[in-house]
Amino acid sequence: MTDSTRIVIIGASSAIAEHCARQWAGQAGHESLQFVLLGRDQNRLNAIAGDLSVRNPAATSQILCADFSRAEAIAKTVADIVAGGTPDIVLIAHGTLPDQQLCQQDLTLAADAMQINGLSPVLFAEAFAGHMQAVNTGTIAIIGSVAGDRGRKSNYVYGAAKGLVSRYAQGLQHRLAGSNVKVVLIKPGPTDTPMTAHLKQDGASLASVESVAATIVRGVSKGSPVVYAPGKWWLIMMIIRHLPRFVFNKMDI
Amino acid sequence: MFMKIASWGRLAEHPHEVVPLADHRTLVQSIQHGLPGISYGMGRSYGDVCLNPAGTLWQTRRMNRFISFDQGTGILSCEAGVTLKEIQDCLVPRGWMLPVTPGTQLITVGGAIANDVHGKNHHVMGTFGEHVTSFRIARTDGSTLDCNRDHHADLFKATIGGLGLTGVISTAQIRLRRIDSPWLLTDTVPFTSLDDFFSLADRSETDWEHTVSWIDCLTGPQTRGIFLRANHTSEAELTEKQLTAPGTRTPSALNMPVTPPLSLVNKLSLRPFNAAYYHMNARKAGISAAHYQSFFYPLDKIQHWNRMYGRRGFFQYQCVVPRKTARPAIADMLAAIAAAGDGSFLAVLKTFAERPAAGLLSFPLAGATLALDFPNKGARTERLFARLDDIVTQAGGRLYAAKDARMPAQMFAEGYASGLQEFSAFRDPGISSAMSRRLLGS
Ligand SMILES: Cc1cc2nc3c(=O)[nH]c(=O)nc-3n(C[C@H](O)[C@H](O)[C@H](O)COP(=O)(O)OP(=O)(O)OC[C@H]3O[C@@H](n4cnc5c(N)ncnc54)[C@H](O)[C@@H]3O)c2cc1C
Ligand SMILES: NC(=O)c1ccc[n+]([C@@H]2O[C@H](COP(=O)([O-])OP(=O)(O)OC[C@H]3O[C@@H](n4cnc5c(N)ncnc54)[C@H](OP(=O)(O)O)[C@@H]3O)[C@@H](O)[C@H]2O)c1
């Protein structure tokens with residue numbers, strides 16, 4: 001990382017994003033480190049900013065609350081952020097895990113889930129891409145999910161939205177291939193965060209948020225096009241994607 | 001969310017209604033339902049102090065944010081679910097360390113306060129609670145109180161060592177100490193009798209900040225052991241040779257990947273282990289350098305080492321006996337253990353100094369503390385403990401709640417008589433643990 005680094009985190013109160021920020025703050029050697037923390041709950045963001053400034057006294061944070069759903073609002077938020085300085089890293093992290101059954105019964109819920117997990121993150125990415133392409137620098141990291149790799153009955157609403165993120169990132173990567181702007185698509189497996197708290201009682205095995213964040217931070221610094229976190233999910237998802245339909249359809253997943 | 005939860009001794013794994021506490025601001029709302037509940041930090045306590053089978057467990061680990069750090073005074077403010085390791089990983093490189101840490105740094109600030117934990121430097125720094133300047137506590141009646149030595153001083157004192165029973169600590173302020181480097185200068189001294197141990201301990205108190213000893217508990221009255229003493233040092237004071245000696249750096253992480261059906265700690269393994277450990281260390285006698293992590297927290301490198309005792313889990317028995325009776329009482333206990341043929345890898349003997357206690361129920365007393373691990377062998381282990389209890393009670397000593405899963409209520413009442421009556425007024429009626437029901441009746 002360079003002497004002065006500006007890191008923008010969209011959905012900065014996400015546990016995964018917060019742990020990425022902690023690791024960035026902990027990396028030695030920045031002359032100045034500036035975070036832009038975007039979320040919807042000022043108190044939460046303040047607490048995170050306070051924590052980061054203990055971890056790294058050279059770190060400052062700008063806190064922004066914004067509307068994550070309307071396209072015009074997203075465009076305006078991103079324009080404001082970029083006007084304050086070109087980001088070195090943008091991490092787009094917000095999301096929510098809806099109840100699939102409820103989405104099937106209530107289309108409004110399904111629409112909201114698609115909106116916040118799919119449309120909203122890609123619009124943020126699109127907005128940053130334009131600015132960053134113009135200055136020809138920086139990394140856009142966007143959190144998708146292993147759930148986006150193949151639709152399955154237990155969470156295809158969420159999975160479809162994450163699939164949208166995957167395809168979008170792929171397109172952006174194609175568009176920016178000749179440039180210095182990197183697009184990193186992150187696909188976490190099940191991770192121990194507030195989002196998955198309810199899965200724990202079923203004995204789900206969840207990766208620690210620290211280890212997932214470490215994999216993401218490494219992937220972002222390398223500019224890897226696709227980062228599975230933990231890395232083993234690359235193999236697991238490759239197998240799942242290639243299972244013949246007659247086998248897959250018999251699986252209760 | 002119902003989940004099976006055990007503590008470090010893995011004696012039982014009961015379902016609990018687990019409620020993760022997200023952050024200190026919203027904590028007080030989260031603890032007014034499903035009562036009674038108990039706080040759970042890292043579950044590094046060995047017994048039932050942090051358990052509440054079939055009831056509510058407030059998991060504090062997500063409250064893990066720093067709030068501020070004053071580089072001038074060394075005062076850290078943080079949420080109670082921050083671990084001592086997170087604090088030291090962040091601040092040791094900046095020249096600050098926690099003045100008191102136990103034999104593991106994988107515990108939370110809340111847990112360190114609630115058990116008023118001690119380290120190897122009790123005669124210099126006392127207990128963890130002595131370095132806590134203030135904290136905020138939430139109670140199940142919806143109140144939130146800021147406590148320090150002037151303000152709500154009585155609740156402050158009841159909460160330090162208060163076994164989690166006075167409320168849920170949300171944030172705390174702790175005064176750190178300056179260090180010149182992460183290094184310690186250590187001196188390893190083999191000894192071959194209890195008298196040697198006590199005279200070494202006495203002689204070391206003035207010149208050495210950290211003292212502890214490992215003993216071979218299978219040799220009966222002819223106790224042999226290794227006395228370890230250390231001081232903080234600067235890198236400049238260490239020679240190149242000391243810094244690069246094998247074993248000086250922290251070893252890489254190990255793991256106990258599965259729980260064997262039976263304890264790996266048994267008669268066959270114990271005797272050769274203890275003999276080998278003694279001779280290996282006796283050979284290292286003398287001065288060397290150690291990194292603070294390998295000196296203070298050697299077991300943190302072995303993930304899940306507690307699984308080595310098998311599916312039935314294990315007990316730790318830790319007592320303190322007053323100075324006057326310490327020598328004969330420790331000898332009697334070692335004789336009883338040797339006679340029972342049970343023993344432990346980790347027999348730790350150390351002295352505590354005379355200091356005013358930070359909390360009403362703080363464990364340390366001026367005297368000697370002995371800590372031993374025993375695989376759970378049911379009635380047989382219980383018989384040995386009953387014998388040890390007699391010796392401790394007669395000597396005017398007591399057991400450490402952080403390690404306990406089985407002491408009789410009477411023994412607790414006698415051992416902690418001095419603070420117990422005052423303590424009961426500060427209990428939060430919405431809080432109860434398996435231990436509090438066992439020892440305090442509610
Ligand atoms: C390898 C090892 C070595 C050890 N060495 C030592 C040693 O040298 N000296 C020593 O003193 N201890 C030692 N211990 C014991 C350990 O330090 C204590 O049991 C400590 O309290 C564990 O902290 P925890 O965060 O795991 O808390 P838990 O075990 O989860 O809980 C401990 C108590 O703290 C309460 N509590 C937790 N958080 C809060 C909160 N936010 N507010 C109010 N109450 C709370 C719980 O209700 C419970 O009563 C050792 C343990 C291990 C495993
Ligand atoms: N945890 C996993 O197992 C897992 C697996 C694969 C992918 N992921 C993805 O990883 C990312 C981070 O998740 P996490 O596990 O860190 O979960 P988390 O801690 O629950 O964070 C979710 C984040 O999304 C924000 N958010 C939710 N709904 C929102 C809305 N309508 N408008 C604005 N912000 C909203 C939350 O903001 P508030 O704090 O304001 O609520 C929070 O910042 C998400 O994209 C998630 O889909 C997670």
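Start in chain B of this predicted model by selecting B:Trp8, B:Tyr46, B:Trp305, B:Tyr309 and B:Phe314, which together form one aromatic cluster. Within that selection, keep B:Trp305 and B:Phe314 highlighted, and view their two rings as an aromatic pair with 5.8 Å from centre to centre and 55 degrees between the planes, an arrangement that counts as tilted. Colouring by accessibility adds to the picture: B:Trp305 has a relative accessibility of 9% and therefore counts as buried, the limit being under 20%, and B:Phe314, at 0%, counts as buried as well.

Stay in chain B for one more stop and select B:Lys120 together with B:Phe295, where the lysine lies over the face of the phenylalanine ring, at 5.8 Å from the ring centre. A related arrangement can be found in chain A, where A:Arg150 lies over the face of A:Phe248, at 3.8 Å from the ring centre.

Next, return to ring pairs, of which the count comes to 20 over all chains. Select A:Phe68 and A:Phe124, whose ring centres are 5.6 Å apart and whose planes meet at 55 degrees; planes from 30 to 60 degrees apart count as tilted, so this pair is tilted. With the chain drawn as a cartoon, this pair can be seen to link distant parts of chain A, for A:Phe68 sits in the loop between strand E3 (59-65) and helix H3 (71-83), while A:Phe124 belongs to helix H5 (residues 107-135), 56 residues apart. Both A:Phe68 and A:Phe124 are buried.

Finally, centre the view on ligand 2 and display the 26 residues around it, among which A:Ser13, A:Arg44, A:Tyr158, A:Thr191 and A:Thr193 come nearest. By class, this shell is made up of eleven nonpolar, twelve polar and three charged residues. In the cartoon of chain A, helix H1 (15-26) and helix H6 (156-175) are worth colouring, as each of them supplies at least two residues of the shell.

Which polar atoms should be examined around the oxygen atoms of ligand 2? Begin with the side chain of A:Tyr158, which has an N or O atom 2.6 Å from an oxygen atom of the ligand. Then select A:Ser14, where a polar side-chain atom lies 2.9 Å from a ligand oxygen atom, and A:Ala93, where the atom to pick is a backbone N or O, also found 2.9 Å from an oxygen atom of ligand 2. To end the tour, switch on the protein surface around the ligand: of the 890 Å² of accessible area that ligand 2 has on its own, the protein covers 88%.

Terms used:
Residues are numbered from 1 along each chain as its sequence is written. Chains are lettered from A and ligands numbered from 1 in the order in which they are written. This is a predicted model: local features need pLDDT of at least 70, side-chain atom pairs count only at pLDDT 80 or more; totals for chains, interfaces and linings use all residues. Side-chain values use heavy atoms; hydrogens and water are left out. A residue is near a molecule or strand if one of its heavy atoms lies within 4 Å of it. A polar contact is a pair of N or O atoms within 3.5 Å; within protein, one must be able to donate a hydrogen and the other to accept it, and residues adjacent in sequence count only if both atoms are side-chain atoms. Accessible areas come from the Shrake-Rupley method with a 1.4 Å probe; for residues, only the protein chains shown count as cover. Helices (H or I, at least four residues) and strands (E, at least two) are DSSP runs, numbered from the N terminus. Ala, Val, Leu, Ile, Met, Phe, Trp, Tyr, Cys and Pro count as nonpolar, Asp, Glu, Lys and Arg as charged, and the others, Gly among them, as polar. Rings of Phe, Tyr and Trp (its six-membered ring) pair if their centres lie within 6.5 Å; planes under 30 degrees apart count as stacked, over 60 as edge-to-face and the rest as tilted. Buried means under 20% relative accessible area, exposed over 50%, partly exposed in between (1.4 Å probe, protein chains only). A charge sits over a ring if NZ of Lys or CZ of Arg is within 6 Å of the ring centre and within 35 degrees of the ring normal.
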